[in-house]
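Student: I should be grateful for a close look at one part of this structure, namely the salt bridges and the surroundings in which they are found. Could the tutor begin with the charged side chains and then proceed to the spaces within the fold?

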Amino acid sequence: MSVETTTLTIKEIFEDSFKKLFSNNFGPLFTYMLYPILGQMFGIAIAIVPALILPIITMTGGNASAMLPVVILGALIGLPLFCHAFWKYIVRTAALCTISKELINSGKLADFKPAEEQIRKRSSAYIKLLLWIALICIVFLVPICVIFVPFLTSLATMPIVTQMLVTIPVTFIFTLIGFVLPFAFLPTFALNPDFSAMETLKRTFELARSCFGETLIFLSLVSVICVLLNLASSVPFVGIVVAPVVTIITALLIPLLVTHWYLKLEAN
């Protein structure tokens with residue numbers, strides 16, 4: 001059943017997104033993002049863990065030279081695995097915006113392959129867009145780092161309440177700018193096949209400016225959800241199992257939410 005996106009409030013967009021994600025659609029979507037997430041995690045682990053063990057063997061007087069081939073092999077296997085999974089992640093994240101549009105409008109999942117192929121064919125423009133987004137995030141984050149780094153360096157000596165007052169806003173701001181904000185550009189790119197990187201940036205800023213206050217509130221709420229999900233994955237002992245699941249849910253939920261919001265802004 002089609003959703004009249006223009007009339008939805010922020011609360012209704014969140015409710016509709018959660019409902020459509022955690023329904024019969026969750027299994028196929030979860031499987032779709034399983035390799036990009038786990039591939040990155042395993043790739044990093046395979047590449048880094050042997051390199052971390054090597055100094056320990058050296059300090060304990062073990063035969064470090066015997067471990068060296070394992071370190072090299074780990075890098076040769078882990079780094080390509082990570083790069084391939086990361087590329088799949090950024091392509092499928094954009095493709096999820098096209099998939100999310102169909103899910104929002106009809107309640108049904110679109111075919112994954114055409115959506116992904118459309119992004120892959122525009123890989124040059126997509127990479128340019130990602131570089132511009134990275135630059136924008138850096139421009140916003142550098143002044144924040146300058147302000148907060150002096151506090152973070154002396155964080156351990158502060159009272160617990162002060163630590164919380166510093167770390168909570170810093171975590172939220174970094175999540176908003178460094179993680180959620182980049183997703184906000186993806187629906188404009190994915191749902192406008194003729195747009196270049198610059199046209200995507202221009203149109204996204206135009207839409208955000210047309211409803212700036214509500215857009216900021218919406219992205220802030222998305223950031224709060226991301227922070228809470230991240231806290232769930234940082235629970236000792238449980239986190240190592242929960243983290244991949246939480247990461248996949250986050251990778252599915254954010255494109256769905258920002259696409260919902262994009263359709264609302266575009267229709268106004």
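Tutor: In this predicted model, a network of salt bridges links Lys88, Arg92, Glu116, Glu117 and Arg120. The structure holds eight salt bridges, and two that involve Glu116 deserve a careful description.

In one of them, the side chain of lysine 88 meets that of glutamate 116, with 3.5 Å from N to O. This pair links distant parts of the chain, since lysine 88 belongs to helix α4 and glutamate 116 to helix α5, which covers residues 112–121, and 28 residues separate the two. Lysine 88 and glutamate 116 are both buried.

Glutamate 116 also forms a salt bridge with arginine 92, and here the closest N and O atoms are 3.3 Å apart. Again distant parts of the chain are linked: glutamate 116 lies in helix α5 and arginine 92 in helix α4, at a separation of 24 residues. Where do these two side chains stand with respect to the surface, buried or exposed? Glutamate 116 has a relative accessible area of 7% and is therefore classed as buried. Arginine 92 is likewise buried, because its relative accessible area is 14%, and the limit for this class is under 20%. As a general principle, side chains of opposite charge can pair when their charged atoms come close.

A useful contrast is offered by another salt bridge, in helix α1. Lysine 11 pairs there with glutamate 15, and their closest N and O atoms are 2.6 Å apart. Both residues lie in helix α1, which spans residues 10–21, and they are four residues apart, or about one turn of the helix. Lysine 11 has a relative accessible area of 57%, so this residue counts as exposed. Glutamate 15, at 42%, is partly exposed. Thus the bridge in helix α1 joins an exposed residue to a partly exposed one, whereas lysine 88 and glutamate 116 are both buried.

Helix α4, which holds lysine 88 and arginine 92, also takes part in the lining of a cavity. The structure holds one cavity of 30 Å³ or more, and the space in the largest cavity is about 40 Å³. Its lining consists of Leu29, Leu96, Ile99, Ser100, Leu103, Leu252 and Leu256. Helices α4 and α11 are the elements that give two or more residues to this lining, and α4 supplies the largest share, with four residues. By class, the lining of this cavity has six nonpolar residues, one polar residue and no charged ones.

Helix α4 appears once more at the largest pocket, a space of about 660 Å³. This pocket is lined by 29 residues, and those closest to its centre are Tyr89, Gly178, Phe179, Phe183 and Thr250. At least two lining residues come from each of α3 (34–59), α4 (64–106), α6 (123–153), α7 (160–184), α10 (212–233) and α11 (239–267). Helix α7 gives the most, with six residues. The lining divides into 20 nonpolar, nine polar and no charged residues.

The second largest pocket holds about 550 Å³ of space. Among its 23 lining residues, the closest to the centre are Leu181, Ala208, Phe212, Thr215 and Leu219. Two or more residues of this lining come from each of α6, α7, α9 (197–210), α10 and α11. Helix α7 again provides the largest share, six residues. In this lining there are 19 nonpolar residues, three polar ones and one charged residue.

Finally, tryptophan 261 is found in helix α11, one of the elements that contribute to the cavity lining. Its relative accessibility is 4%, and tryptophan 261 therefore counts as buried. Apart from its neighbours within four places in sequence, tryptophan 261 is in contact with Ile10, Ile13, Glu214, Thr215 and Phe218. Of these residues, Thr215 is also among those closest to the centre of the second largest pocket. By contrast, the C-alpha atoms of tryptophan 261 and leucine 165 are separated by 30 Å, and these residues are 96 apart along the chain.

Definitions and conventions
Residues are numbered from 1 along each chain as its sequence is written. This is a predicted model: local features need pLDDT of at least 70, side-chain atom pairs count only at pLDDT 80 or more; totals for chains, interfaces and linings use all residues. Side-chain values use heavy atoms; hydrogens and water are left out. On a 1 Å grid over the protein atoms alone, a cavity is a set of points where a 1.4 Å probe fits but cannot get out, and a pocket is an open set with protein on both sides within 12 Å along at least five of seven lines; lining residues have an atom within 4 Å of a point. Grid points are joined across faces, edges and corners, and a volume is the space filled by probe spheres set on the points. Ala, Val, Leu, Ile, Met, Phe, Trp, Tyr, Cys and Pro count as nonpolar, Asp, Glu, Lys and Arg as charged, and the others, Gly among them, as polar. A salt bridge is a side-chain nitrogen of Lys or Arg within 4 Å of a carboxyl oxygen of Asp or Glu. Buried means under 20% relative accessible area, exposed over 50%, partly exposed in between (1.4 Å probe, protein chains only). Contact means heavy atoms within 4.5 Å.
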